[in-house]
Amino acid sequence: IDYRAGHVKVAMEFDGPHHFTVMASTGEDLWAIDNGVKMTPRVLGHTVMKYRLLKEKGWTVVRIPYYEFDKIPFWASMERQRYLQRALKTHDKIVF
């Protein structure tokens, strides 16, 4: 979702699984995965680059990762709406 009001440009990005990896990058990570520790997915390079370019162009990017948003049941539309509102309010450049 792209929105421009006055001088504020906001991009809301729903990042699906193809934006992340959970592969171990260190020996400690590999040990943790092998021992059942749940790892937070890491953002892939192409996604980082996209956010960096948007930021350089003056956009505020609100990221919605699938592993957080998908925890909310699809039928709980009010809870999903509240999640999105909280995500937007965490950015100080966005004024309602």
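I will go through the fold of this chain, the confidence of the model, and then its salt bridges.

Please keep in mind throughout that what we have here is a predicted model. The mean pLDDT of the chain is 81, and 82% of its residues reach 70 or more, but the confidence varies between elements: strand 1, residues 2-5, has the lowest mean, at 52, while helix 2, residues 45-56, has the highest, at 92.

As for the fold, the chain has five strands and four helices, and read from the N terminus the order is β-β-β-α-β-α-β-α-α. Among the contacts with a separation of 6 or more, 56% are between residues 24 or more positions apart. Of the 96 residues in the chain, 26% are buried, and the accessible surface comes to about 7400 Å², with 60% of that belonging to carbon and sulfur atoms.

Let me turn to the charged side chains. Side chains of opposite charge can pair when their charged atoms come close. In this chain the count comes to four salt bridges, and I would like to start with those that involve strand 2.

Glu13 and Lys50 meet through their side chains in a salt bridge, at 2.8 Å from N to O. Glu13 is in strand 2, residues 8-15, whereas Lys50 is in helix 2, so that this pair, 37 residues apart, links distant parts of the chain. Glu13 is partly exposed, at 22% relative accessibility, and Lys50 is also partly exposed, with a relative accessible area of 30%.

Asp15, again in strand 2, forms a salt bridge with Arg63, and here the closest N and O atoms are 3.8 Å apart. Because Arg63 lies in strand 5, residues 59-65, this pair ties together parts that are 48 residues apart in sequence. Is Asp15 buried or exposed? With a relative accessibility of 2%, Asp15 counts as buried, because the cut-off for that class is under 20%. Its partner Arg63, at 37% relative accessibility, counts as partly exposed.

Finally, we come to a group further along the chain. Which residues are linked in a network of salt bridges? They are Glu79, Arg82 and Arg86. Within this group, the side chains of Glu79 and Arg86 meet in a salt bridge at 3.5 Å, N to O. Glu79 is partly exposed, at 30% relative accessibility, and Arg86 is partly exposed as well, with a relative accessible area of 45%.

Terms used
Residues numbered from 1 in each chain as written. Predicted model: local features only at pLDDT ≥ 70, side-chain atom pairs only at ≥ 80, totals over all residues. Heavy atoms only, no water. Helix = DSSP H or I, 4+ residues; strand = E, 2+ residues; numbered from the N terminus. Buried < 20%, exposed > 50% of the residue type's maximum accessible area, 1.4 Å probe, protein only. Contact = heavy atoms within 4.5 Å. Areas by Shrake-Rupley, 256 points an atom, 1.4 Å probe, with all protein chains shown as cover. pLDDT = per-residue confidence, 0-100.
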